[in-house]
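Welcome! Please take a look at the sequence and the structure below, and then let us walk through a few of the places worth visiting.

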Amino acid sequence: MSIPASNHTPLRVAVVSIGRSGTSLIARILDEVLGVDFGDEADHIPRNHNNPDGYFENAEFLAFNDRVLQAAGGWVLSPPPLDYMQKMADPTRDALVSAATGLLDKYAKNKPTFGWKDPRLSFTLPIWQAACPTMTPIIAFRKPISVLSSIAAQLDRPIESLTDLWFAYYQRVFAYTDGMPRHILSFDDLLCEPLPVVLGLARHLGIAVDTTQVQNQLAQIIKPKQSRHSSATIAPNGAFTLDVNTLELFDYLRTSTANGGQPNMRHLKKLLRQT
């Protein structure tokens, strides 16, 4: 069994990424391999044909994130303004932070480790950060065309309507996690060489592991031949071209995280058009 390294502060981990980026697999690895408690399956949204291994998403957290998005003026396919937190009326913001604190008290109180995930966290993270300043964001990314093709197929929408979505998600993810102890990993690298990616994640979280045990567990969990554990692209109908911002950001994330690296924050901000 993996054992969290001793730490006086409870470990709180949030998996933050656009949907269809392997976050369910990463949450499962965090839970089953690294010992980060994602709660009882009875509290999660149910498994289905899209994800028979489970989503590891707390249903109450998901409903709350929808509530935050409504207050912020966005939804999963329409990002709210980057600075919505600053523009939100004080009573509304305070009530949301209080509700997030209450959810963490309900599900994570007295637990040495706890994790949660939901693609909506990419937008609602400022509320959660205010409720839990010590949280550690885990940011996964996957080939944009694979992500957007999968979302388009899942929601029965033309992929052309999602052109800017990948960049918009990560623009917010990196803005909201600036200064936090975040860890960035490639879903495609996780599929190709899972052991070094997971060992790097464990080191970042301060979790002591038995390498052989982790390797054996990953062999049981990751099934590259299964479509949901594949980086294959669903070809869109007709010509489809990703915007330059998306291509440049993905290329930099891919090269900078190779071999266990992490992006240079100054260059990342430049690509995100942030000062």
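## A helix on the inside

In α7, the buried residues are Leu165, Trp166, Phe167, Ala168, Tyr169, Tyr170, Gln171, Arg172, Val173, Phe174 and Tyr176. Here buried means under 20% relative accessible area, exposed means over 50%, and partly exposed lies in between, with a 1.4 Å probe and protein chains only. Helices (H or I, at least four residues) and strands (E, at least two) are DSSP runs, numbered from the N terminus. Put as a count, 11 of the 12 residues of α7 are buried, so this helix is mostly covered.

A word on the source: this is a predicted model, in which local features need pLDDT of at least 70 and side-chain atom pairs count only at pLDDT 80 or more, while totals for chains, interfaces and linings use all residues. Residues are numbered from 1 along each chain as its sequence is written, and side-chain values use heavy atoms, with hydrogens and water left out.

The length of α7 can be checked too. The expected span of a helix is 1.5 Å times one less than its number of residues; for the 12 residues of α7 this gives 16 Å, and the end C-alpha atoms are 17 Å apart, which agrees.

## The nonpolar cores

A nonpolar core is a set of buried Ala, Val, Leu, Ile, Met, Phe, Trp, Tyr and Cys residues joined through side-chain atoms within 4.5 Å. The largest one has 56 residues, and Trp116, Ile127, Trp128, Trp166, Tyr170 and Leu249 touch the most other members. Helix α7 (residues 165-176) gives the largest share of this core, 8 residues. A second, separate core has 31 residues, among them Leu34, Leu191, Val197 and Val214. In soluble globular proteins, nonpolar side chains tend to be buried together.

Contacts, meaning heavy atoms within 4.5 Å, show who meets whom. Neighbours within four places in sequence are left aside in this table.

| Residue | In contact with |
|---|---|
| Leu249 | Trp166, Phe167, Tyr170, Leu268, Leu271, Leu272 |
| Phe64 | Leu96, Ala99, Ala100, Leu103, Ile127, Trp128 |
| Ser122 | Val16, Ser17, Ile18, Tyr169, Arg172, Val173, Tyr176 |
| Ser256 | Gly261, Gln262, Pro263 |

Phenylalanine 64 sits in helix α2 (residues 59-72) and is buried, with a relative accessible area of 5%.

## Two serines

Is serine 122 buried or exposed? With 0% relative accessibility, serine 122 counts as buried; its place is in helix α5 (residues 121-131). A polar atom of its side chain lies 3.2 Å from the backbone oxygen of serine 17.

Serine 256 belongs to helix α11 (residues 244-256) and is buried as well, with a relative accessible area of 14%. Its side chain reaches the backbone oxygen of tyrosine 252 at 2.7 Å and that of leucine 253 at 3.4 Å.

## A covered strand and two cysteines

Strand β5 (residues 183-186) is covered on both faces: His183 and Leu185 are buried on one side, and Ile184 and Ser186 on the other. Strand β4 (residues 136-141) pairs with β5 in the parallel sense over 4 bridges, where pairing requires that DSSP finds at least two bridges between the strands. Serine 186 in β5 is the bridge partner of phenylalanine 141.

How many disulfides does the structure hold? There are 0 disulfides, a disulfide being a pair of cysteine sulfur atoms within 2.5 Å. Cysteine 132 is buried at 9% relative accessible area, whereas cysteine 192 counts as exposed at 64% relative accessibility.

Terms used
Polar contact = N/O pair within 3.5 Å; in protein donor to acceptor, adjacent residues only side chain to side chain.
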